[in-house]
Amino acid sequence: MTARELPFFARDLFEADKAVLLRLIKEIGTGADQRFILGEHTAAFERMLRESLDAADVVACGSGTSALTLVLHGMGVGAGDEVIVPAFGCAPLAATVLGVGATPVFADISRHTMVVDPARIEELIGPRTKAVLPAHLFSMMADMPAIADLAARHGLRLVEDSAVAQGAVLRGRPAGTWGEAGVFSFVQVKSFGMPGEGGVVVTANPALGDAVRMLRNHGQDGVHRFVHHRIGYNSRFDEIQAAFQQYRYALFPARLERRARIADYYTARFAELADAGVLPPPAGRDGRCYYVYCLLCERRDELKDWLAERGIGSHVYYPRPLPRQAAFVAHARQGARWPVAEHAAARILALPIYPHLTDAEVERIADAVCAFARSTASNALAEPEGVPS
Ligand SMILES: Cc1ncc(COP(=O)(O)O)c(C=O)c1O
């Protein structure tokens, strides 16, 4: 019998909850009030998250990207302001800053964790810096204690991009609650993903929550229809998804735990591969959310092909640093360099980690990576070049 294909993006993520989803579509779709956005289910979903995070407010909106825009706009970040963002990460980190008229300033990352390096952030703070926007990425939370400290010392607004890190906890404090505002994304592959688009803003500042709530629905106050207090956006939340996510929240810790166990297993198996050019992420559970499991590999493209030949999907998050993307290159500082981000972009590879992988499948993936490492001549991981001390 040939082993089944293990795609990187699982095709059956919502299979176990399909009956509930179909029931909700019918109930809400045929409900007497015909309310499909921003109704009682959205309000209850927001309340549930607010209480579980002990936040001042949680505002559901159209996506994680939109959540970042709403926060930046709500904080009054705009033309003439600079926002420090990681040089390695997803496009919304830079695009949302540019979208509100401000300038992203790209800070290099730490070699092993691949999240933004607080020392690099601090070097970039200047008179125009208005906010810091660190992101948790792959399985790592950013160093929030250090970043919160530097934001406080320099009087900067702190926005925590926790789009991928819902459920992670660092030193007892949940992801999303470290900054003045945090965001989560529910796009399907995220740790609390759903079959559609959506996100939330989590905030400790009630006034910012009010501003975001107004901005998400064209500047209306939620009481008087078609009365617009300010220019806003269409970034509303879907009632069916809100009801579905409430149902699924009780099952979320078990799925996170399964992801963490798979990661623990991979990391233990790969611990001895550093001399063969394969470096797993740091071991441990604090400040970790196993949204994707990324390792560094000196011969990344060969490993990707090797896995594909064995029916195992993998993915490159991200093939180049943000300031090297055509979309953002013109906005990057002239002469600036991001050697650690370049190093990661050439070596990073994500392995499948969805919770319903069986133990045998997880073992098969780990075996394939170890067999690759043994098959090649010793080729230790290179160091990034030109890193300032
Ligand atoms: C770190 C990070 N921030 C923001 C986003 C944007 O979230 P969304 O896809 O819901 O717009 C994503 C996901 O794509 C992400 O990975």
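Which side chain meets Glu 46 in a salt bridge? In this predicted model, the partner is Arg 216, at 2.8 Å from N to O. Glu 46 lies in helix H2, residues 40-53. Arg 216 sits in the loop between helix H7 (206-215) and helix H8 (239-249), so the salt bridge ties together parts that are 170 residues apart in sequence. Both Glu 46 and Arg 216 are buried. That label applies because each has under 20% relative accessible area.

The pair also has company. Glu 46, Asp 57, Arg 213 and Arg 216 belong to one network, joined by salt bridges that share partners. The structure holds 26 salt bridges.

Now turn to the sheet. It is open and built from 7 strands. Their order is S1-S9-S8-S5-S4-S2-S3, and the pairing is mixed. Strand S1 (57-61) and strand S3 (103-107) stand at the edges. Each has a single partner strand, so one side of each is left without a neighbour in the sheet. From one strand to the next, the twist averages 25 degrees.

Strands of a sheet pair through backbone hydrogen bonds, either parallel or antiparallel. Strand S8 (residues 181-185) and strand S9 (residues 199-203) run antiparallel. 5 bridges join them. In one of these, Gly 182 has Val 202 in S9 as its bridge partner.

Two helices meet this part of the sheet. H2 lies across S1, S8 and S9 and runs at about 140 degrees to S1. H7 packs on the sheet too, where it touches S1, S8 and S9. The direction of H7 makes about 15 degrees with that of S1.

Other salt bridges lie elsewhere in the chain. Asp 367 and Arg 269 meet through their side chains at 2.8 Å, N to O. Asp 367 is in helix H12 (residues 359-375) and Arg 269 in helix H9 (residues 252-270), so this pair links distant parts of the chain, 98 residues apart. Is this pair buried or exposed? Neither label fits. Asp 367 counts as partly exposed because its relative accessibility is 34%. Arg 269 is partly exposed as well, at 26%.

Glu 342 and Arg 324 form another salt bridge, at 2.4 Å from N to O. Glu 342 belongs to helix H11 (residues 339-347). Arg 324 lies in the loop between helix H10 (300-309) and H11, 18 residues apart from Glu 342. With 29% relative accessibility, Glu 342 is partly exposed. Arg 324 is also partly exposed, with a relative accessible area of 38%.

Notes. Residues are numbered from 1 along each chain as its sequence is written. This is a predicted model: local features need pLDDT of at least 70, side-chain atom pairs count only at pLDDT 80 or more; totals for chains, interfaces and linings use all residues. Side-chain values use heavy atoms; hydrogens and water are left out. A salt bridge is a side-chain nitrogen of Lys or Arg within 4 Å of a carboxyl oxygen of Asp or Glu. Helices (H or I, at least four residues) and strands (E, at least two) are DSSP runs, numbered from the N terminus. Buried means under 20% relative accessible area, exposed over 50%, partly exposed in between (1.4 Å probe, protein chains only). Two strands pair if DSSP finds at least two bridges between them. Axes are lines fitted to C-alpha atoms, for helices over the stretch in contact, and angles run from 0 to 180 degrees between N-to-C directions. Contact means heavy atoms within 4.5 Å.
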